[in-house]
Amino acid sequence: MQLSTKVSTLQTYLRQQRVLRKRVAFIPTMGALHEGHLSLVDIGQQKADITVVSIFVNPTQFNNPDDLLKYPRMLEKDAWMLENRNTDILFAPVPEEIYPPGLETQVELDLQGLDEVMEGEFRPGHFKGMLQVVKRLLDIVGPDSLVMGQKDFQQFTLVRHMIQSLKLPVQLIIGPTLREPDGLAMSSRNMRLTPEFRKIAPVLYQVLTQLRKDLDSGSLDTAVQTGLMRIENSGLRPEYLSVVDAFSLKKVITPGKHSHLVACVAAWAGDIRLIDNLMLKGSLD
Ligand code: AMP
């Protein structure tokens, strides 16, 4: 595996690969890697000849400075995990490489309200910062395919919207959410959970699966309220539990009128914020 910290060295290597007509898959991450991230690397390897993984804790997508400060960083261990998974290139730049002074990197785009609901409501500015870094990384790497996880469903939806709106020449591929045996979605943040909260945290997945069961029997509103109560009673502090159309992210009133439905949840486990989601109807691939 080659480690690049500079845009210029990465691009020199990628140019050589392109001359050889190699296809490139790209997996952007913020590090503190787990099996969920590595499953995206596996997908990349099936789709392309070269896999590039980036590790960059992007400051512009953190609305909470404390969260940015506390975000786990473990580059050496990450590099070892990627090497063992046959990743070709690890791109681990410093912020100045991504945001050099004088370079305009903001993405100007009508987000059609996709950034205003759910995560957008509780993390103002998060998605603009996320799109900014994804667009910049796509410009740097120029991959044939971009692999992202369903774990961050709203993020995936916004990136799909950006790719379609700007007609970016890249294929977006979604990877399923990998879970711990008890159902908790794998996340870099899980390692910061206290043992008590770690025990409680799978309630989010339990509530999502219950919603899927309840979809056809009775009122959706009641099912959502019951789910919220169950999260609260468990000791987590829910921010939202929403059933939305999987494309417009608009709240669903009549489930029967939609072909693709997703339930999304966010809750605090002490000072750790967890998110999860589950398709209730339809599939994304
Ligand atoms: P992050 O490092 O949290 O920004 O995540 C990098 C990529 O990994 C994103 O596309 C995430 O959606 C994806 N990802 C995070 N957790 C999981 C998971 N449990 N299963 C599959 N993909 C994941």
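A strand, for this talk, is a DSSP run of E with at least two residues, and strands are numbered from the N terminus. Hi everyone, and thanks for coming. With that wording in hand, Leu172 is found in strand 6. Please keep in mind throughout that we are looking at a predicted model.

Let's stay with Leu172 for a moment. Setting aside residues up to four places away in sequence, Leu172 touches Leu146, Met148, Phe156, Val159, Arg160 and Ile163. What separates the C-alpha atoms of Leu172 and Phe26? The gap is 9.8 Å, although the two positions lie 146 residues apart along the chain.

Now to the ligand. It is surrounded by 17 residues, and the closest are Met30, Gly149, Asp152, Leu178 and Met186. For those of you who think in pharmacophores, here are some polar atom pairs. On the side-chain front, a polar atom of His37 sits 3.0 Å from a ligand oxygen. Two backbones come in as well: a polar backbone atom of Leu178 is 2.8 Å from a nitrogen of the ligand, and a polar backbone atom of Met186 is 2.9 Å from a ligand nitrogen. How much of the ligand's accessible area does the protein cover? On its own the ligand has 480 Å², and the protein covers 93% of that.

Which elements give two or more residues to the shell around the ligand? They are strand 2 (24–29), helix 2 and strand 5. Helix 2 supplies the largest share, three residues. If you sort the shell by class, you get eight nonpolar, seven polar and two charged residues.

Just after strand 5, have a look at Gln150. Its place is in the loop between strand 5 (145–149) and helix 8 (153–165). Is Gln150 buried or exposed? With a relative accessibility of 14%, Gln150 counts as buried, because the cut-off for that class is under 20%. Beyond its neighbours within four places in sequence, Gln150 is in contact with Ile174, Gly175, Thr177, Asn277, Met279 and Leu284.

Next topic: charges. How many salt bridges does a search of the whole structure find? The search returns 12. I'll walk you through a few.

One of them joins the side chains of Asp42 and Arg85, with N to O at 3.0 Å. Asp42 belongs to helix 2 (residues 35–47), while Arg85 is in the loop between helix 4 (75–84) and strand 4 (89–91), which puts the partners of this distant link 43 residues apart. Asp42 is partly exposed at 24% relative accessible area, and Arg85 is partly exposed too, at 21%. This pair has company: Glu35, Asp42 and Arg85 are linked in a network of salt bridges.

Another bridge brings Arg189 and Asp67 together at 2.8 Å, again N to O between side chains. Here the partners are 122 residues apart: Arg189 is in the loop between strand 6 (171–175) and helix 9 (195–200), and Asp67 is in helix 3 (residues 65–70). Both Arg189 and Asp67 are buried.

A further bridge runs between Asp115 and Lys128, whose closest N and O atoms are 3.4 Å apart. Asp115 is in the loop between helix 5 (95–98) and helix 6 (119–122) and Lys128 is in helix 7 (residues 126–141), so this bridge ties together parts 13 residues apart in sequence. The two ends differ in how they are covered: Asp115 is buried at 13% relative accessibility, whereas Lys128 is partly exposed at 48%.

Two last stops. Ser4 lies in strand 1 (residues 2–4), and it is buried, with a relative accessible area of 1%. The side chains of Ser4 and Gln2 are joined by a polar contact of 3.3 Å. Leaving out neighbours within four places in sequence, the contacts of Ser4 are Thr9, Leu10, Ile89, Leu90, Phe91 and Ala92.

Finally, Arg237 belongs to strand 7 (residues 237–245). Where does Trp268 sit relative to Arg237? Their C-alpha atoms are separated by 4.9 Å, with the two residues 31 apart along the chain. Arg237 touches Ala267, Trp268 and Gly270, not counting residues up to four places away in sequence.

That's my tour; thank you all for listening.

Key
Residues are numbered from 1 along each chain as its sequence is written. This is a predicted model: local features need pLDDT of at least 70, side-chain atom pairs count only at pLDDT 80 or more; totals for chains, interfaces and linings use all residues. Side-chain values use heavy atoms; hydrogens and water are left out. A salt bridge is a side-chain nitrogen of Lys or Arg within 4 Å of a carboxyl oxygen of Asp or Glu. Helices (H or I, at least four residues) and strands (E, at least two) are DSSP runs, numbered from the N terminus. Buried means under 20% relative accessible area, exposed over 50%, partly exposed in between (1.4 Å probe, protein chains only). Contact means heavy atoms within 4.5 Å. A residue is near a molecule or strand if one of its heavy atoms lies within 4 Å of it. A polar contact is a pair of N or O atoms within 3.5 Å; within protein, one must be able to donate a hydrogen and the other to accept it, and residues adjacent in sequence count only if both atoms are side-chain atoms. Accessible areas come from the Shrake-Rupley method with a 1.4 Å probe; for residues, only the protein chains shown count as cover. Ala, Val, Leu, Ile, Met, Phe, Trp, Tyr, Cys and Pro count as nonpolar, Asp, Glu, Lys and Arg as charged, and the others, Gly among them, as polar.
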